[in-house]
Amino acid sequence: MEQILEREAVEALVEWYRKSHRDLPWRRTKDPYRIWISEIMLQQTRVEAVKPYYARFLEAFPTVEALAEAEEQRLMKLWEGLGYYSRARNLQRAAKTIVERYGGNLPADEKLLRGLCGIGDYTAGAIASIAFGLPAPAVDGNVLRVLSRITGSYEDISLLETKKRWAEALRAVIPEDAGSFTQALIELGATVCVPNGEAKCNQCPLASRCVARRKGLVDSLPVKASKKPRRVERLTVLILQDGQRTVLHQRPPKGLLAGLFELPNLRGHLETEAVWNAVREMGAEPIRVERVEDAKHIFTHVEWHMIGYRVRIGVDFDGLRRDEATLLVDNPSLRAEYPIPSAFSAYVKYLN
Ligand code: ADE
């Protein structure tokens with residue numbers, strides 16, 4: 001394969017990065033642990049959203065050992081709102097492995113990194129190059145966009161083979177400062193070579209060599225096969241409270257939002273009358289049922305279309321049929337202690 005970037009292009013890119021990169025907290029360190037945490041948080045998540053989580057997380061768990069020993073609910077609470085919660089669980093699993101196998105230090109090896117829970121090709125390459133300066137490629141969506149445009153490629157970036165081909169093509173041109181090269185590609189994709197018709201080609205250090213720009217294809221590339229539409233689930237969410245307590249439900253240990261806490265909810269959109277009946281069937285006696293706002297939450301493969309009811313329970317809340325996943329929680333400790341995913345944020349404001 002022909003070189004994807006000539007040496008001068010690589011140098012221009014790295015030079016641009018040195019001069020123009022954003023000052024981000026994880027760029028002020030070479031600590032592999034911190035770089036790992038940042039790369040996991042940055043998957044599917046915007047830089048601005050990550051910043052406060054990154055700071056809080058590292059304050060709570062400053063070392064691999066601290067993360068390995070973290071109490072699960074505390075870990076999930078610190079992740080609350082960031083989404084894709086399996087990332088947090090995988091972090092902890094990997095931390096345990098790092099303690100057991102590598103004495104608490106991340107291994108300076110792309111393949112060994114890839115053997116850790118939650119670390120795929122991209123993340124292994126990012127940590128290896130950024131933290132350890134190793135010549136490893138890191139190809140994420142940003143980088144795929146940059147490479148497709150520079151080379152004018154119509155290859156479908158949703159295919160794994162495409163990603164692997166680009167990774168190997170990059171491997172052949174990684175310069176001495178591998179970390180800056182990785183970050184430069186990411187930064188260019190995040191700030192200049194951006195999607196949705198907003199590319200800032202006049203700021204691009206590679207503009208003069210960009211095939212897509214020359215051919216007027218910037219807004220047509222990259223090519224990405226359209227995904228199948230998300231499944232829509234209709235839910236009725238219940239804010240079930242007496243004066244002091246609220247019903248919470250813990251989700252099953254596997255699947256969407258595994259193990260997190262949610263407001264009780266029922267399939268379908270129920271009328272007020274059906275809500276009275278459903279709550280009575282749960283063993284509690286409502287004294288008031290009030291419709292609150294609708295809400296929508298979009299996950300990777302599913303959309304939740306929710307309607308909500310605030311249900312005031314009378315004196316006999318204790319009749320509530322409870323399985324081990326159903327909790328009656330004192331209101332003051334509710335929001336402080338239980339990780340409730342942001343899918344429920346429209347309704348969480350009623351919890352006080
Ligand atoms: N996205 C993924 N990795 C990143 C990084 N190191 N800096 C900024 N955005 C990123």
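Helix H11 has a long list of buried residues (under 20% relative accessible area with a 1.4 Å probe, protein chains only): Ala 178, Gly 179, Ser 180, Phe 181, Thr 182, Gln 183, Ala 184, Leu 185, Ile 186, Glu 187, Leu 188 and Gly 189. The model is a predicted one, in which local features need pLDDT of at least 70 and side-chain atom pairs count only at pLDDT 80 or more, while totals for chains, interfaces and linings use all residues. Residues are numbered from 1 along each chain as its sequence is written, and side-chain values use heavy atoms, leaving out hydrogens and water.

With twelve of its 14 residues buried, H11 is largely enclosed by the rest of the structure. Its cover includes helices H1 (7–20), H8 (121–132), H9 (141–151) and H10 (160–171), where contact means heavy atoms within 4.5 Å. Helices here are DSSP runs (H or I, at least four residues), numbered from the N terminus. As for length, the end C-alpha atoms of H11 (residues 178–191) sit 20 Å apart, which agrees with the 20 Å expected at 1.5 Å a residue; that expected span is 1.5 Å times one less than the number of residues.

Then there is the ligand. Around it are Leu 24, Trp 26, Arg 27, Glu 39, Leu 42, Val 47, Tyr 122, Gln 183 and Ile 186, each with a heavy atom within 4 Å. Helix H2 (32–42) and H11 each supply at least two residues of this shell. Nitrogen atoms of the ligand come 2.8 Å from a side-chain N or O atom of Glu 39 and 3.2 Å from one of Arg 27. The protein covers 93% of the 260 Å² of accessible area that the ligand has on its own, by the Shrake-Rupley method with a 1.4 Å probe.

Methods:
Buried < 20%, exposed > 50% of the residue type's maximum accessible area, 1.4 Å probe, protein only. Polar contact = N/O pair within 3.5 Å; in protein donor to acceptor, adjacent residues only side chain to side chain.
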